[in-house]
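Please consider the fold of the protein chain shown below, together with its sequence. The explanation moves from the overall architecture to the packing of its parts.

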Amino acid sequence: MPDLDPVIHAESRLRAITTLNEVGERNRIAFTKLQKLLEMTAGNLSTHLRKLEDAGYVTVSKTIEGRTPATYVAITPAGTAAYAAYRAALHELLSAQLTEKS
């Protein structure tokens, strides 16, 4: 049985990294836009992003636009690789279960 990455496996983190993977490594997304897409509170999203950031899967950058602070989130190359490995492990796990039942 393949091991699933526990950092990604939590539903909220899986939803966040899936969205960030679609955005891509060179692009980033505003924290507020990601929050709306995922329908999460700012505190909840921050907590999950911190775990992904601690693992090196995402970067969080803060800047000032005009006079307003803005926070952007992006997936890292390590995050992209971890997400691909997670998907492969999940597919392998689900395929194994189907084979065992048939």
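The following paragraphs treat the chain as a whole, then the sheet, the helices and the largest pocket.

The model is a predicted one. Its secondary structure comprises five helices and three strands, and these elements succeed one another along the sequence in the pattern α-α-β-α-α-β-β-α. The C-alpha trace spans about 60 × 25 × 20 Å along its principal axes.

The three strands form an open sheet in the order β1-β3-β2, with antiparallel pairing. β1 (29-30) and β2 occupy the edges, where each has a single partner strand, so one side of each is left without a neighbour in the sheet. Against this sheet packs helix α2 (residues 11-23), which touches β1, β2 and β3. The direction of α2 makes about 90° with that of β3.

Within the sheet, β2 (58-65) and β3 (68-75) run antiparallel and are joined by eight bridges. Several opposed pairs allow the register to be followed: V60 stands opposite V73 in β3, S61 is set opposite Y72, and T63 faces A70 across the strands. The hairpin of β2 and β3 has two residues between the strands, and G66 takes a positive phi near 70° there. On the other side of the sheet order, β1 pairs with β3 in the antiparallel sense over two bridges. Here I29 stands opposite V73 in β3; V73 is also the residue that stands opposite V60.

The helices may be considered next. Two packed helices are described by the angle between their axes and the distance between the axes. How are α3 and α4 placed with respect to each other? Helix α3 (residues 31-38) packs with helix α4 (residues 42-54) at an angle of about 105°, and their axes lie 10 Å apart. Angles of 65 to 115 degrees count as roughly perpendicular, and α3 and α4 are therefore roughly perpendicular to each other. The contact brings F31, L34, Q35 and L38 of α3 against A42, L45, S46 and L49 of α4. By class, the contact of α3 with α4 has six nonpolar and two polar residues, and no charged ones.

Helix α4 also packs with α2, at an angle of about 75° and with the axes 10 Å apart. That angle makes α2 roughly perpendicular to α4. From α2 the contact takes S12, R13, A16, I17 and L20, and from α4 it takes N44, H48, L49, K51 and L52. Five of these residues are nonpolar, three are polar and two are charged. L49 of α4 takes part in the contact with α2 and in the contact with α3.

The last feature is the largest pocket, which has a volume of about 230 Å³. Which residues lie nearest its centre? The pocket is lined by 14 residues, and F31, S46, V60, K62 and T71 are those nearest the centre. The elements that give two or more residues to the lining are α3, α4, β2 and β3. By class, the lining has seven nonpolar, three polar and four charged residues.

Some of these central residues have already appeared above. F31 and S46 belong to the contact of α3 with α4, and V60 is the residue that stands opposite V73 in β3. F31, S46 and V60 are thus among the residues nearest the centre of the largest pocket.

Conventions
Residues are numbered from 1 along each chain as its sequence is written. This is a predicted model: local features need pLDDT of at least 70, side-chain atom pairs count only at pLDDT 80 or more; totals for chains, interfaces and linings use all residues. Side-chain values use heavy atoms; hydrogens and water are left out. Axes are lines fitted to C-alpha atoms, for helices over the stretch in contact, and angles run from 0 to 180 degrees between N-to-C directions. Helices (H or I, at least four residues) and strands (E, at least two) are DSSP runs, numbered from the N terminus. Angles under 35 degrees count as roughly parallel, over 145 as roughly antiparallel, 65 to 115 as roughly perpendicular and the rest as oblique. Contact means heavy atoms within 4.5 Å. Ala, Val, Leu, Ile, Met, Phe, Trp, Tyr, Cys and Pro count as nonpolar, Asp, Glu, Lys and Arg as charged, and the others, Gly among them, as polar. On a 1 Å grid over the protein atoms alone, a cavity is a set of points where a 1.4 Å probe fits but cannot get out, and a pocket is an open set with protein on both sides within 12 Å along at least five of seven lines; lining residues have an atom within 4 Å of a point. Grid points are joined across faces, edges and corners, and a volume is the space filled by probe spheres set on the points. Two strands pair if DSSP finds at least two bridges between them.
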